[in-house]
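Here are a few short exercises to work through with the structure open beside you. Try each task first, then compare your steps with the solution.

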Amino acid sequence: MSGYRFDRLKILVVDDNQHMRKLVITILQAFGTTQILEAEDGERAWTVMRDANPDVVLLDWQMPGMTGVEFARMVRTSPKTPNPFVPIIMLTGHTHIDHVRQARDAGVNEFLAKPVSVKAILTRLVSVIEHPRPFVRTATYFGPCRRRRGAAEYKGQERRSTATVTALDD
Amino acid sequence: MPKEQSNEVFMPPNLLKAKVGGTVAGLDTAAIKRAAEAVENLKTEFSDWLTDDIARLGTAYDVFLAARDGASCSDLFRASHDLKGQATTFEFPMVARVASSLCKLMDSLGSHDKVPLQLVEAHIDAIRVIHREKIKDISNLTALTLVEELETRVTKALAHMTPKD
């Protein structure tokens with residue numbers, strides 16, 4: 001069995017801290033990724049998104065101007081988004097559960113609390129490759145399904161009585 | 001607005017899987033080892049990176065002292081937040097812990113005019129001392145005493161403040 005061809009992926013790294021960008025990019029390059037784009041803030045990241053349409057976005061939360069959460073929401077819901085389904089992995093120093101919920105509600109796929117490590121980044125990449133979540137469109141949300149452990153294990157009130165499940169692929 | 005919204009659930013094509021091919025079982029362990037080695041090679045730069053980030057924190061505080069506005073307060077929070085997230089990676093976990101205490105303080109403030117300057121300065125001084133003394137051990141008694149004192153003072157300061165919301 002062969003491993004992943006990370007060289008085929010185009011990955012956008014968004015972080016206002018140049019050292020963190022360098023660390024993350026070094027790890028991605030060691031995995032074999034060659035198409036790496038970087039942006040130091042949300043505005044620049046939006047331009048890169050529209051110009052280069054990356055396959056995965058690694059996104060910081062705290063940045064000057066647009067925050068990572070605002071950027072994620074724009075990617076998911078803006079009529080001008082080049083790809084509302086692009087997997088977004090949020091790397092952040094935030095660790096409180098409220099922050100995880102905020103990121104989830106903005107449409108983030110994976111949450112990685114700093115400090116970053118090789119294993120943590122790889123695990124999140126494998127997750128978005130191997131276990132993509134279905135997308136949900138409601139009146140107030142568009143993004144990956146927020147029922148982290150899957151609908152089958154969901155114990156709350158069912159609000160998807162009129163849901164349509166459409167398999168576009170797989 | 002209809003009383004019952006129609007919620008749609010669908011599975012987009014898995015383009016990533018199609019692109020990278022292979023399997024998780026066949027994940028190239030050499031790539032993981034290579035990445036670990038690349039990070040190891042970067043470690044010679046970590047102390048300089050931390051020096052930069054600590055200097056940025058000091059500058060952000062100086063700017064805040066001069067401006068005393070929301071924008072400079074946000075910059076100060078971001079600088080401390082970067083240290084909280086990165087200092088452990090840069091092998092200074094006690095710097096990360098002090099920065100975390102500073103973030104907790106800043107994040108709980110209702111407004112920039114409530115920033116307790118002395119307590120912020122004490123955090124910045126502690127970060128500088130830990131870095132200057134090259135304290136990387138989380139059980140270092142000096143650093144532990146310092147950080148525990150700061151955390152206690154933050155808890156007390158926040159107890160006397162009105163919640164921001």
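A salt bridge is a side-chain nitrogen of Lys or Arg within 4 Å of a carboxyl oxygen of Asp or Glu. This is a predicted model, in which local features need pLDDT of at least 70 and side-chain atom pairs count only at pLDDT 80 or more, while totals for chains, interfaces and linings use all residues. Residues are numbered from 1 along each chain as its sequence is written, chains are lettered from A and ligands numbered from 1 in the order in which they are written, and side-chain values use heavy atoms, with hydrogens and water left out.

**Exercise 1. Find the charged links between the chains.**

Task: work out how many salt bridges cross the interface of chain A and chain B, then inspect D55(A) and K19(B).

Solution. Step one: the rule finds 5 salt bridges across this interface. Step two: the side chains of D55(A) and K19(B) form a salt bridge, at 2.7 Å from N to O.

Step three: look at which elements of chain A are involved. Helices and strands here are DSSP runs (H or I, at least four residues; E, at least two), numbered from the N terminus. At least two residues each come from α1 (18–31), α5 (118–130), β6 (135–137) and β8 (164–167) of chain A on the side that touches chain B. The most come from α1(A), with 8 residues.

**Exercise 2. Size up the interface.**

Task: state how many residues each chain puts into the contact and how much area is buried.

Solution. First, count contacts (heavy atoms within 4.5 Å): chain A gives 61 residues and chain B gives 47 residues. Next, take the buried area, which is the accessible area (1.4 Å probe) that two parts lose on being put together, summed over both. Chain A and chain B bury about 4800 Å², with 62% of it on carbon and sulfur atoms.

**Exercise 3. Follow a strand across the chains.**

Task: identify what β6(A) pairs with in chain B.

Solution. Strands pair if DSSP finds at least two bridges between them. β6(A) pairs with strand β1 (residues 8–11) of chain B, antiparallel, over 3 bridges. Within this pairing, F135(A) lies opposite F10(B).

**Exercise 4. Buried or exposed?**

Task: decide whether Q86(B) is buried or exposed, and list its partners.

Solution. Q86(B) sits in helix α3 (residues 70–86) of chain B. Buried means under 20% relative accessible area, exposed over 50%, partly exposed in between (1.4 Å probe, protein chains only). Q86(B) has 0%, so Q86(B) is buried. Beyond its neighbours within four places in sequence, Q86(B) contacts N17(A), M20(A), K114(A) and D53(B).
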